Amino acid sequence: MSATAPQAVNEAKLHEFMMKAVGEMGAAINTALIVIGDKLGLYKAMAGAGPITSAELATKTNTTERYVREWLSAQAAGGFISYDAATGRFTLPPEQALALADESSPVFLPGFFQAVEATIKGIPKITSAFQTGKGVGWHEHDACLFVGTERFFRPNYRGHLINEWIPALGDTEARLKAGARVADVGCGLGTSTILMAQAYPKSTFVGFDYHAGSIELAREAAAKAGVSDRVKFEVSSAKQYPGQGYDFVAFFDCLHDMGDPEGAARHVLETLAPNGTWMIVEPFANDKLEDNLNPIGRVFYSASTMLCTPASLSQEVGLGLGAQAGEGRLAKVLHAAGFTRVRRATETPFNIVLEARP
Ligand SMILES: C[S@@+](CC[C@H](N)C(=O)[O-])C[C@H]1O[C@@H](n2cnc3c(N)ncnc32)[C@H](O)[C@@H]1O
């Protein structure tokens, strides 16, 4: 046995890494503070309020000043809010207000941190899965994952789905406007389904998801949006959902979560009208690992470790595509299932949108 000689530590590099790690420590623990600030309405109460003291914010939000002062100090240290030492007042700048307090803004972020809360709660299950190789299903996570994911994706779908993604799919927009039958598979809380229903009043929609809890919330959301007459939600897996002759099938951020994406693709082919279109929205990724080693790739690989890969491994086949499969790998799955025409219709920094036709 040959022992490896210890490598000399470069002090400057160590210092550089420690400083980076301190930033990460602050960011990591700030997840808890963001979730609390979001839940208690602290960011919302600060938005547009101008400079405010901890006592004023506590009164406004019915919270305790001592806690609020500490939270404000942490937010100021992290650059989430600003602090004026002369007056002892804190301000949420308009840019941060958009990202942290405005649910209708295209950059609203707190949903992401709610989902991170679920990954932290999931640490024991995922640790054990690393050792056993078994999966952890989407449905096995804390409910903050379902709500957090919906709140995080909603601004993205509002911003791109109707204005950019559907118009990029050949004749699909015209068909939806004229009246089409649509299936939204792996629909989660149904936000994408409802957005499409609102945009295309002549079309009918059915959202499918294997997770009963999500389908229940999707039904409530459809009723609230006043579209229940044209939007149904049913508990069903991607390989078994009912119906035939769909003009348009959509999968939003879920194909890679499935254990058998090729089986799901075969089922889409069987249920799609001969001239129908399948849209697959997936996290943005390049084909090679080395080309995904950037901040967005880091977020996706991390979510994939804690959520997507375990979800896939929990189902039959357990292909484990991961959230950074990339177009090449995804297209291979779709071609293997029998789709002959697959192309990248469009993309954003966060998503690839593939169009598949029989
Ligand atoms: C990341 S979430 C995306 C949810 C939703 N499409 C959205 O964009 O907000 C993945 C969804 O896929 C669903 N899912 C996973 N495997 C599935 C399967 N085999 N059949 C149907 N749904 C599945 C999960 O229950 C979950 O709702």
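I take buried as under 20% relative accessible area and exposed as over 50%. The model I am reading is predicted.

**Entry 1: helix H11**

I looked up H11 at residues 212-225 and found 14 residues. From first C-alpha to last, H11 reaches 20 Å, close to the 20 Å expected at 1.5 Å a residue.

Which residues of H11 are buried? I noted Ser214, Ile215, Ala218 and Ala222. They lie on the same side of H11, because the arc they cover around the axis is only 95 degrees. I kept the general rule in mind: an α-helix has 3.6 residues a turn, so residues three or four places apart point the same way.

I then turned to the face of H11 that points away from the buried side, and there I found the exposed residues Glu216 and Lys224.

What do the buried residues of H11 pack against? I listed two helices, H8 (144-165) and H10 (191-199), and two strands, E4 (204-209) and E5 (231-235). After H11 comes Gly226, and I read its phi as positive, near 70 degrees.

**Entry 2: Arg154 in H8**

Since H8 is among the partners of H11, I looked at one of its residues, Arg154. Is Arg154 buried or exposed? Its relative accessible area is 18%, and the cut-off for buried is under 20%, so I entered Arg154 as buried. Leaving out residues up to four places away in sequence, I found that Arg154 touches Glu103 and Thr191.

**Entry 3: helix H3 and Asn62**

In H3 I marked Ser54, Leu57, Ala58 and Thr61 as buried. Their arc around the axis is only 100 degrees, which puts them on the same side of H3. On the other side of H3 I found Thr59 and Lys60 exposed. The buried residues of H3 pack against helix H2 (42-46) and H4.

Just after H3 I reached Asn62, with a positive phi of about 60 degrees. I flagged the value because most residues other than glycine have a negative phi. Asn62 sits in the loop between H3 (54-61) and H4 (65-77). I entered Asn62 as exposed, at a relative accessible area of 74%.

**Entry 4: Asp253**

I flagged another positive phi in a residue other than glycine at Asp253, where phi is near 50 degrees. Where is Asp253 found? I placed Asp253 in the loop between strand E6 (246-252) and helix H12 (261-271). Asp253 counts as buried, with 14% relative accessibility, whereas Asn62 is exposed.

**Entry 5: H7 against H13**

Two packed helices are described by the angle between their axes and the distance between the axes. I looked up both for H7 (residues 123-132) and H13 (residues 295-313). The angle is about 60 degrees and the axes are 11 Å apart.

How should the pair be classed? Roughly perpendicular begins at 65 degrees and roughly parallel means under 35, so I classed H7 and H13 as oblique to each other. I recorded the crossing of H7 past H13 as left-handed.

Which residues meet between the two helices? From H7 I noted Ile123, Ile126 and Phe130. In H13 they meet Thr305, Met306 and Pro310.

Note on methods:
Residues are numbered from 1 along each chain as its sequence is written. This is a predicted model: local features need pLDDT of at least 70, side-chain atom pairs count only at pLDDT 80 or more; totals for chains, interfaces and linings use all residues. Side-chain values use heavy atoms; hydrogens and water are left out. Helices (H or I, at least four residues) and strands (E, at least two) are DSSP runs, numbered from the N terminus. The expected span of a helix is 1.5 Å times one less than its number of residues. Buried means under 20% relative accessible area, exposed over 50%, partly exposed in between (1.4 Å probe, protein chains only). The arc is that of the directions from the helix axis to the C-beta atoms. Contact means heavy atoms within 4.5 Å. Axes are lines fitted to C-alpha atoms, for helices over the stretch in contact, and angles run from 0 to 180 degrees between N-to-C directions. Angles under 35 degrees count as roughly parallel, over 145 as roughly antiparallel, 65 to 115 as roughly perpendicular and the rest as oblique. A crossing is left-handed if the near helix is turned anticlockwise from the far one by less than a right angle, and right-handed if clockwise.
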